[in-house]
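Biologist: Could you walk me through this model at the bench, one question at a time?

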Amino acid sequence: MNLRLRERDAQTIAGIEKLRFSPLAALRGEGSYVFDEDERKILDLSSSAGAASLGYAHPRVVEAVKSAVSEMATASLLMYPNEHAVGFAEKLLAVTPGEGERKVWIGHSGSDANDTAVRAITKASGRPRVISFIGSYHGGISGSMAVSGHTSQTHTLPRPGLLLLPYPDPYRGEFSSEEVLKLLDYQFETTTPPDQVSSVFIEPIMSDGGLIVPPEGFLAALAERCQAHGILVVLDEVKVGLCRSGLMHAFEHEGLNPDVVVFGKGVGGGLPLSAVVAPAEVLDHTPAFAMETTAGNPVSCAAGCAVLDTMIEDKLAENATRVGGMLMDGFRAMADRHPMIGDVRGRGLAVGVDLVTDRETKQPVDPTVTAKIIYRAYELGAALIYVGLAGNVLELTPSLCLSEDEAREGLAVMDQAFTDVVAGKVADETVAEFMMW
Ligand code: PMP
């Protein structure tokens, strides 16, 4: 029997971890596109949730990986240093602002990097408590999951002593910056003594929680409050960092001076690679606290070096600002025709489109509607995903190399998808299996 990839996947790959938003099964990728089993060309407006930061099969990544895998200068950074890992760490330190002696921990994923950060920081500081935000997603393994606040993770218990604060959302405005900071002050005065708090973990743009850009000044005010108490500010740049926001780091939009920066996804250009940049006294505090045999392997690190070099040499942050601006303008113009579009927001090539039933009440659409838009877009030739605690935000995090023509193509598909879904072209049953969170 000649089963198609999707059927073989359904029979073998564990189901509950999948975030499938359409029947797309990719046989290969090239640039901003993936090709399915029928050689249909699909514009990937998500770039695999931001992991394929330079698109697929970028020549510089391919070249770096080919060369590293042929030399294969050992497979474990735990055992021996290798040039690619050390070079990658040097490059990352060079592009990441910070003071004092800093070191780089290298891992495989955003999840293990945040996990390492939280354990290293709490151990080194001797302070057990952590602050993070409702809606934040810091990882899918125990330590990083336990400092997350995403509704998809309520099946597991948070870390004891975790303080979850609301993330101020300028569109819905349930909590203003001032209210969140007031709540934090009150917590400090009462049940969360600041000298017990080691760190605050925050996404500079909350991505899985709804692609929310916080109000201007919020991150800086939060950082100031926390740093005054010796609480380390940890910027989770896993999804929106490294040029995506239009600057090298998303935290730079607020002129922040974080203590710890966490990288993942796009840093490896699609290969498993993550990193924590932190004060040496934190990361070197305890031996053997986060050993992973193949972390820092030369292949992933060679990809990381190629990604960082390409981002700088090809000015991808500027491309993100220009093409991301086009995408946001395009969606805003589309909002004239599609009353379902309540808000268009983002920075650079991290774009969110918030769908509502009514612009006055800002009531989120039922996630079935979001899923239908995505399904129809897939049928018309574009792939993307949805995020947000109400499942009503289209998220676009395409390749940082996305061209203006590709952006126009994506906008045309989305425009048609809105029209077709409103016209009833996608049935509820069709999307039932594509609503995973
Ligand atoms: N941090 C952020 C901000 C993320 O968006 C994600 C993944 N969505 C992670 C951490 C975890 O990364 P990974 O799935 O690569 O482990």
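Here are some questions and answers on the sheets, the ligand and the hairpins.

Modeller: Gladly, and please keep in mind that this is a predicted model.

Biologist: Thanks! Let's start with the sheet of 7 strands: in what order do its strands come?

Modeller: This sheet is open and its pairing is mixed. Strand E4 (102-107) and strand E6 (162-165) are its edge strands, each pairing on one side only. Neighbouring strands are turned by 20° against each other on average, direction ignored. Reading across, the order is E4-E10-E9-E8-E7-E5-E6.

Biologist: In that sheet, which residue of E7 stands opposite Val130?

Modeller: Strand E5 covers residues 129-133, and strand E7 covers residues 197-202. The two pair in the parallel sense over 3 bridges. Opposite Val130, in E7, stands Ser199.

Biologist: Helix H4 lies across several strands; at about what angle does it run to E7?

Modeller: Happy to set the scene: helix H4 is made of residues 110-125. The strands it lies across are E4, E5, E7, strand E8 (232-236), strand E9 (260-263) and strand E10 (274-279). Relative to E7, helix H4 runs at about 160°.

Biologist: And helix H6, which strands does it touch?

Modeller: Helix H6 (residues 177-189) also packs on the sheet. Its direction makes about 155° with that of E6. The strands touched by helix H6 are E5, E6 and E7.

Biologist: Now my favourite part, the ligand: which element gives the most residues to the shell around it?

Modeller: The ligand is surrounded by 14 residues, and the closest are Ser111, Tyr137, Asp208, Asp236 and Lys265. By class, the shell holds 2 nonpolar, 7 polar and 5 charged residues. The element giving the most, with 3 residues, is H4.

Biologist: How far is a polar side-chain atom of Ser111 from an oxygen atom of the ligand, and how much of the ligand does the protein bury?

Modeller: Two aspartates approach nitrogen: a polar side-chain atom of Asp208 lies 2.8 Å from a nitrogen atom of the ligand, and one of Asp236 lies 2.7 Å from a nitrogen atom of the ligand. For Ser111, the distance from a polar side-chain atom to an oxygen atom of the ligand is 2.5 Å. Taken alone the ligand exposes 390 Å², and the share of that buried by the protein is 84%.

Biologist: Next, the open sheet of 4 strands: which strands stand at the edges?

Modeller: The order here is E1-E2-E3-E14, with mixed pairing. A strand with a single partner has one side left without a neighbour in the sheet, so the edges are strand E1 (26-30) and strand E14 (382-383).

Biologist: Which helix packs on that sheet?

Modeller: This helix touches E2, strand E3 (41-44) and E14. Its direction makes about 100° with that of E3. Spanning residues 404-422, it is helix H12.

Biologist: In the hairpin of E1 and E2, which residue takes a positive phi?

Modeller: E1 and strand E2 (residues 33-36) run antiparallel, joined by 4 bridges. Ala26 has Asp36 as its bridge partner, while Gly29 stands opposite Val34. With 2 residues between the strands, the hairpin has a positive phi near 60° at Gly31.

Biologist: Last one: which residue takes a positive phi in the hairpin of E11 and E12?

Modeller: Strand E11 (residues 341-347) and strand E12 (residues 350-358) run antiparallel, with 6 bridges joining them. Gly346 has Val351 in E12 as its bridge partner. This hairpin has 2 residues between the strands, and the positive phi, near 55°, belongs to Gly348.

Notes: Residues numbered from 1 in each chain as written. Predicted model: local features only at pLDDT ≥ 70, side-chain atom pairs only at ≥ 80, totals over all residues. Heavy atoms only, no water. Pairing = 2+ DSSP bridges. Axes fitted to C-alpha atoms, helices over the stretch in contact; angles between N-to-C directions. Contact = heavy atoms within 4.5 Å. Near = heavy atom within 4 Å. Polar contact = N/O pair within 3.5 Å; in protein donor to acceptor, adjacent residues only side chain to side chain. Areas by Shrake-Rupley, 256 points an atom, 1.4 Å probe, with all protein chains shown as cover. Nonpolar A, V, L, I, M, F, W, Y, C, P; charged D, E, K, R; others polar.
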